[in-house]
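The following note is addressed to a colleague who is meeting this structure for the first time. It takes up salt bridges and then strand pairing.

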Amino acid sequence: MKKTLGIIVKIFLGIILLILILLFTIPIIFKEQIRIKVEQVINGSVNATVKFEDYKLGFFKDFPNLSFSLNGVSVVGVNKFKNDTLAGFKSFNLVFNLSSLLKKSGYEVKSIVIDRAVVNAIVKKDGKENWDIMKDTTHAATTEPTSTSTSTSTSSGMKILLKKVVLLNSSISYVDESSAMKAYLKNINFNLKGDMTMSETDMQMTINAGEFTLIMDGMKYLNKVVLDSKIDMLANLDKMKFTFRENYLSINDLKLNFSGTVAMPGNNIETDLKFGTAKTSFKTFLSLIPAVYMKDYKDLKASGEFALSGSAKGIYSSADSTLPDMTLALLVSNGSISYPALPEQIKNINIKSDVFINGKALDKTIVNVDLFHLELAGSPFDMTFTLKTPISDPDFKGSAVGKIDLSALSKALPMDSLRLTGIIDMSVKMAGKMSMIEKAQYESFKASGTMGIKNMDVAMIGYPDVKIYKADFEFTPAYAAMSNASLNVGGKSDFTLSGRIENYIPYIFSNKTIKGNLSMQSKLIDVSDIMSKMATNTTALKDTASIAAKNTTAPAAKNTTAPAAKNTSSLTVIHVPKNIDFDFNALIDEFLYDKIKAQKVKGHVIVRNGILSLRDAEMNILNGTIAMNADYDTRDTLKPVMKADFDMKNIAVWNAFDAFNTVQKLAPAAKGIDGKISVKLTYMSLLGRDMMPVINTINGTGNIKSNEITLLKSATFDKMKEVLKLGDKYSNTFKDINISFKIADGRVFVSPFDVKTGNLKMNIGGDQGLDQTLNYIVKTEIPRSDLGSSINSFINNLSAQASAFGIKYKVSDVLKVNVKVTGTFSKPVVAPFFGNTSGGNTGGVNASAKETVKQTIDNTVDKSKEKARAEAEMQGAKLVKDAEDRGQQLRDEAAKKAEQIRQEAEVQARKMIDGASTKGPIAKMAAQKGADGIRKTADKSADQVVQTVDVQANKLVEEAKAKSDELIKNI
C-alpha cells in the first residue's frame, strides 16, 4: 500500500513538474512559430510596409492565456501614399487562447492593448484613403486548393474572439483633402469591454481625449477642447444592431446625453438617436468658445439657462447620398456675461433657434433664429433669421435692429490685443427669394434699412490702426449705397469713399459676384508707414514665383533657402478674389512708398475676374510724369503675373535708379548718368512674395529718348577712350539719344543705335544681363586728324606696304574701328576687332590700322566664298524644311492613331459599365474600376505611339541639319 501511494505521489509530482516545465518552455517553443504566423498574416493581408523592432512572449501575466507583444511597430503606405506613415505604436499586445495554439483550426485572439499609437488618416482629393490597405483575399480563398488535413478555419488562420480592446496615450490626425476638413485628437485613452464571442452582449466603452481640434474650410470650429464619453450599449453582433442606454459625451463643460439605436444590416446605416442637455448653466455653452475657455473662462461670470436638444433618425446611404433626418434646437434664457475686472456687462441674452435637415432632400432644410436679443450699455440689439429651400432657391427673411457701442463692448469682454471704440447703429430688414434678385425682380424682394458708423477706432497688434470717422450705408434690394465714408489708416493715410455696391445679397448667401462702383480721394497715402506697422512672419518662406520661373529656364538646383531676414515693411502677394467686380476712380494728392514719392496720382481701378487692372493712371514723379496701364493677375496664386505699359516723360535718370529696384538690376549704368529721359516700356513678369517683379521672368520691349545725357561715371566709356587713344577733347556728354530695346530671359537686348560726342560717331548694339555681364559691339568712326601724328605716320607706312604688293589703297580721312565690349559693368573688357565678333585683339589703334589693310586684300576672296555659302545655305534649308514637313506628317498620323486607340477603349469601358448596371451597385463599382483600368492602358499605349513617332520625327530633322552643316562646312 505504501509502495502504491509512493508511486502515485511521484506521478503527481512529475505531472506538476511537467506543467511547470511547460509553462516556461511553451513561450520559447512556440515563439518562432507565432512570430512567423503573425508576419504571414500581416504581410499577406495588407498593401503596406509593416515593420516592428522586437516581439515578446509571456505566459504568467495572462495565465492561462499566452500574450504576444510587438514593440516599435510602424505601418507605412505604398503607391500614392509612399513614405507616408499611416500608424505607429510603441507596443501592440495580443492575448491568445493557449489551447488554440495546439489546434489546427486557428489561433484565438482574446484581447488587444495598444500603447502610444500615432495614427495619420488621409483622404486625397480623389477620395483615395490611406487606411484602405486590406488586400482582397476573396479570390485567393475560392481558388486555392484545400488540403485534406486543413480544417475550416479562415485563410489567415486567426480567429478574433475579443473581450477587451484598450488604447493608451495615443493621438489621431484626420486630414480630408476632398472636403477641406481636418481633425486632431491628442492624449486619447479608449477602453472597450464586452464578450464579443457572443451573438448578443453588453458592451461598455470609455473615451477621453485631452485635446480635440476641428477645422473645416480653414476655420477652427473647435480648438483644443477636452472630450470625455461613456457608452453603455447592448450589441447584437449577428444583426449588427446597437442599442444605446444611458450615455454621454462631454465637450469641455458641455455634457450631452444620448440614447437610441444604430443598425448596420448591410451597406447602409440605420439611426434612431436622440441627444440633448437638461437645462444647464449658460456658462457651459460659453466653454465651447476657444478663446474664452483657454484664457479667461475661470474668471467669467455668467448667469442664465441653456438647453440643447436634437435627433438623428433615418438611413445613411453612400450609394444614393442620403442622410438621416436631423433636428437641432438651442435655447438660451436670461443670460448675462461679465468679468470682475471689467466695468461693463452684456445682459438679457435670449436666443431661440432650431434647425431641421431633411436627409433625403436637403433642399427641404429649414433654419430658424426666432429670437436673438442682448443688451449692452443700455442699448438693445435684436436679430431674426429664417432660411428655406437653401439648395434650389434660398428663401430667407431676416432683420437686424439696434445699436452696438464698441467702447462698451471692450469694457465688457477682455480684449488684450484689440482696442475698439465707436458706435454702429443699424436697422435692416430683408425678405425674399434669391431668384428675385438674380432676375432683377426688385419690386418683389423686400430690403430696406440703414447702417451708420461713427468714430470707430480699431487697433490690433500687428496691424495699423484704422479709424472710421463716419460712414453711412443705405440698403435696397438692388444695391447698398455708401456715402460720407471717411477713414484713416496707420495715422497718416486718409481715405474718402463713396459709391454703391450691387448684388451684395447673392454675394453673402450664394458667394456670387459682388459689383461696385466707387470713388476714392486721398490727400496722402503712405504705404511705407502702413506696412511698417504690420507684423511680419520671420519664418523662412519659399518664393514660389521665383522658383517656378527658375524651373522654366534652368535645371533644378538644390534648395538652399536661407532664413528670412526681418523686414517690417515687406509686402506679400495679395490674392484678388474672382467674385469681386469693382470699378472705381482714385485721386491721390500724394503717394509715398519707400523712396518713391508721387504727386497728383489719379487713375481708373478695375477689379474683375481675379485681376486688378489700372487704366489711364497718371502721376507726377521724379520731376517728370508717368502714365501707365497695368494688370495684376493672381488667378494662378503660385505664379502671380504683372502686365504693364509705361510712358515716362522727363524722368531724372539718377533718381530713377535710386527709387526703383528694377532699374538697378536691369540698368546698373544708370547710377552714373545725369540727365532726363523719356521712356516707353511694355512688359510682363511674374511677381515674387515681395510684390516686386521676378527679374529673370521679365519680357518686354521699350524705347528710351533724351535730348542730352552726361556720363558722370562710366568704367566702360573710360576704358574705350583709353583703348582708342582718344584725348580729353572728347566729352562725356551725348545728345539726341534714341534707343530701342527688348527684355527676355534675364537680359536686355539693345538694337543698334547712333550716337555722337564731338567728332566721334558710334553705333552701339548688344545685350547685358542681370549678372552684370556685357556683350556689346561699338562701331566707331574717328577722323584721322584726331589720332595724332605718330599714328598717322604708321597708317601711311602700311599704305605704302600695300602698294608694294600691287594693291592700290588710299586710306580714308575717317578711320572705322569696331570695338567689342565684354566683362562686367564694374570691370569692362574693351578690345578692337575686325570680321567676326569674337574680339580678342588688344593691340589698340596700331593693330586696327594694320587690320584695315589686310581686310582690303581679303575682300576679293571673301566675295566668292560668300556666294558659294549662300547657295549651300539655301540647299541646306530645303533639306531641313523637307524633314520638318515629313516629321509633322508622321506626328499627325500618330495623333490620329492615338485618338483611335482611346476611342476604342472608351467604347469597351462603357460597354463594361452598362453591362454591370443591372447587377447591383457593387458590380457597377467593380466595373467602373475595370473601365478605368482599360482607359489607363489605352492612354499608355496611345502615349507610346505618339512618343515613338516624335523621336523618329526629331531624328529626321537632326539628320537634315547635320547634312546642311556639312554642306556649309565644305565651302
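1. A salt bridge is taken here as a side-chain nitrogen of Lys or Arg lying within 4 Å of a carboxyl oxygen of Asp or Glu. In K533 and D529 this condition is fulfilled, with the closest N and O atoms 3.4 Å apart. The model in which the pair occurs is a predicted one.

2. The two partners of that bridge may be considered by their accessibility. K533 has a relative accessibility of 36% and counts as partly exposed. D529 has a relative accessible area of 11%, and because buried means under 20%, this residue is classed as buried.

3. A search of the whole structure yields 15 salt bridges. One of them is formed by K512 and E438, whose closest N and O atoms are 2.7 Å apart. This pair links distant parts of the chain, 74 residues apart: K512 belongs to the loop between α8 (504-510) and β26 (514-522), whereas E438 belongs to helix α7 (residues 434-438). K512 is partly exposed at 35% relative accessibility, and E438 is partly exposed at 48%.

4. A further salt bridge brings together the side chains of R747 and D767, at 2.7 Å from N to O. R747 lies in strand β36 (residues 747-757) and D767 in strand β37 (residues 760-769), so that the pair, 20 residues apart, links distant parts of the chain. Is D767 buried or exposed? With a relative accessible area of 10%, D767 is buried.

5. Salt bridges may also share partners. In this model, D202, D232 and R245 are joined in this way into one network.

6. Turning to strand pairing, strand β21 (residues 418-433) and strand β22 (residues 446-460) run antiparallel and are joined by 13 bridges. Which residue of β22 is the bridge partner of S427? The partner of S427 is T450.

7. Strand β22 also pairs with strand β23 (residues 466-475), again in the antiparallel sense, over nine bridges. Within this pairing, G452 has D472 in β23 as its bridge partner. The hairpin of β22 and β23 has five residues between the strands, and G462 in this hairpin takes a positive phi near 90°.

8. For a reader inspecting these strands, one general point is useful: in a regular strand the side chains alternate between the two faces of the sheet.

Conventions
Residues are numbered from 1 along each chain as its sequence is written. This is a predicted model: local features need pLDDT of at least 70, side-chain atom pairs count only at pLDDT 80 or more; totals for chains, interfaces and linings use all residues. Side-chain values use heavy atoms; hydrogens and water are left out. Helices (H or I, at least four residues) and strands (E, at least two) are DSSP runs, numbered from the N terminus. Buried means under 20% relative accessible area, exposed over 50%, partly exposed in between (1.4 Å probe, protein chains only). Two strands pair if DSSP finds at least two bridges between them.
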